[in-house]
Amino acid sequence: MARVLRLPDHGRLIVCTDLQGCMRDYRRIVEIFHDAREAHDGDAHLLFTGDLIHGPHLAEHDWPDFLGEYYRDESGDLVDAFVALAARNPGRVHALIGNHEHGHIGGPHTAKFAADEVLLLESLLGPTRAARLRDILTELPLAAVAPCGAVFTHGAPAAVIDSIADVERADLSGFELGSPLEILDTPVIGPILWARSAHPEVAAAFVHAMGGTISIYGHDVIPEGFERIGDEQLVVSTSFGVFDANKVYLDLDLAAHYRSVHELRVGREILPLYPDRAGAYAAGPGGA
Ligand SMILES: [Mn+2]
């Protein structure tokens, strides 16, 4: 199957990174998507860049402060809500595969908050819902491209590719027994799903081969909410591991043409998930 989603050249695009089972932040980004849809005569899209699933299963008193506000993993319900939202908005609600989703459909099993997060989630869901989860995740793309120049992946744009066809025909199966370290060395899918950074020259070559100009991804936690690297890369933290005040999402104009990530402005394209709680830097175009 073709593993690259192609977005249109019109409308708005709301971009949300790693939720990791956080239902509260999921509901908030859906509210933002609904507002964008209303403000633009229905012409809006919502893109999740992977890791919808696998959050902490901790009691509040065991919660480490650095992870931001407390929440409890609701991966199963979150995926169900995503599927229902996508069905109500045909062709407008999308999710990429993250390294945590990959574990359910051929990737190495992740062990961030449990010895085996894949087995844990599937046992909580039971066999029927687990099979349905795998069917849903199998259909997801590995990357998305838009005529505005944006190239979206879960991890950093560190893959060395000749053309977009290398991503379109990527094989995701057969890594169950591998470790995350081994898969990082697997061409194309290793870096796309696991890399936390990319050298500017490698990133530039990747976005060019994908037919774009800028790379947008999550996977890593940016405590301040986002980070620009060179002219090509923007790392976004919408939810996981970040305090509410610093969580950001993107609101992109799909009819624009972005030549550099410096054209994505705080207060315009880079927006606070919770404006009422936002830090000073995210207050708007006048912010630092
Ligand atoms: Mn990840």
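In the predicted model, H154 is found in the loop between β6 and α5. This residue has a relative accessible area of 0% and is therefore classed as buried, and H219 is buried as well. The side chain of H154 takes part in two polar contacts that are described here, one of 3.0 Å with the side chain of D51 and another of 3.1 Å with the side chain of H219.

These three residues also belong to the metal site, where the protein donors of the manganese ion are D51 (OD), N99 (OD1), H154 (NE2) and H219 (ND1), placed at 2.1 to 2.2 Å from the ion. Along the chain, the donors of the manganese ion follow the spacing D-x47-N-x54-H-x64-H. The pair formed by H154 and H219 links distant parts of the chain, since H154 lies in the loop between β6 (150–152) and α5 (165–168), whereas H219 lies in the loop between β7 (214–217) and β8 (226–229), 65 residues apart.

A further element considered is helix α2, which covers residues 75–88 and thus comprises 14 residues. From its first C-alpha to its last, helix α2 reaches 20 Å, close to the 20 Å expected at 1.5 Å a residue. Within α2, the residues S75, G76, L78, V79, F82 and L85 are buried. An α-helix has 3.6 residues a turn, so residues three or four places apart point the same way. The buried residues of α2 pack against two other helices, α1 (23–39) and α4 (117–138), and against the strands β3 (44–48) and β4 (93–95).

Conventions. Residues numbered from 1 in each chain as written. Predicted model: local features only at pLDDT ≥ 70, side-chain atom pairs only at ≥ 80, totals over all residues. Heavy atoms only, no water. Helix = DSSP H or I, 4+ residues; strand = E, 2+ residues; numbered from the N terminus. Expected span 1.5 Å × (residues − 1). Buried < 20%, exposed > 50% of the residue type's maximum accessible area, 1.4 Å probe, protein only. Contact = heavy atoms within 4.5 Å. Donors = N, O, S within 2.8 Å, 3.2 Å for Na, K, Ca; no water. Polar contact = N/O pair within 3.5 Å; in protein donor to acceptor, adjacent residues only side chain to side chain.
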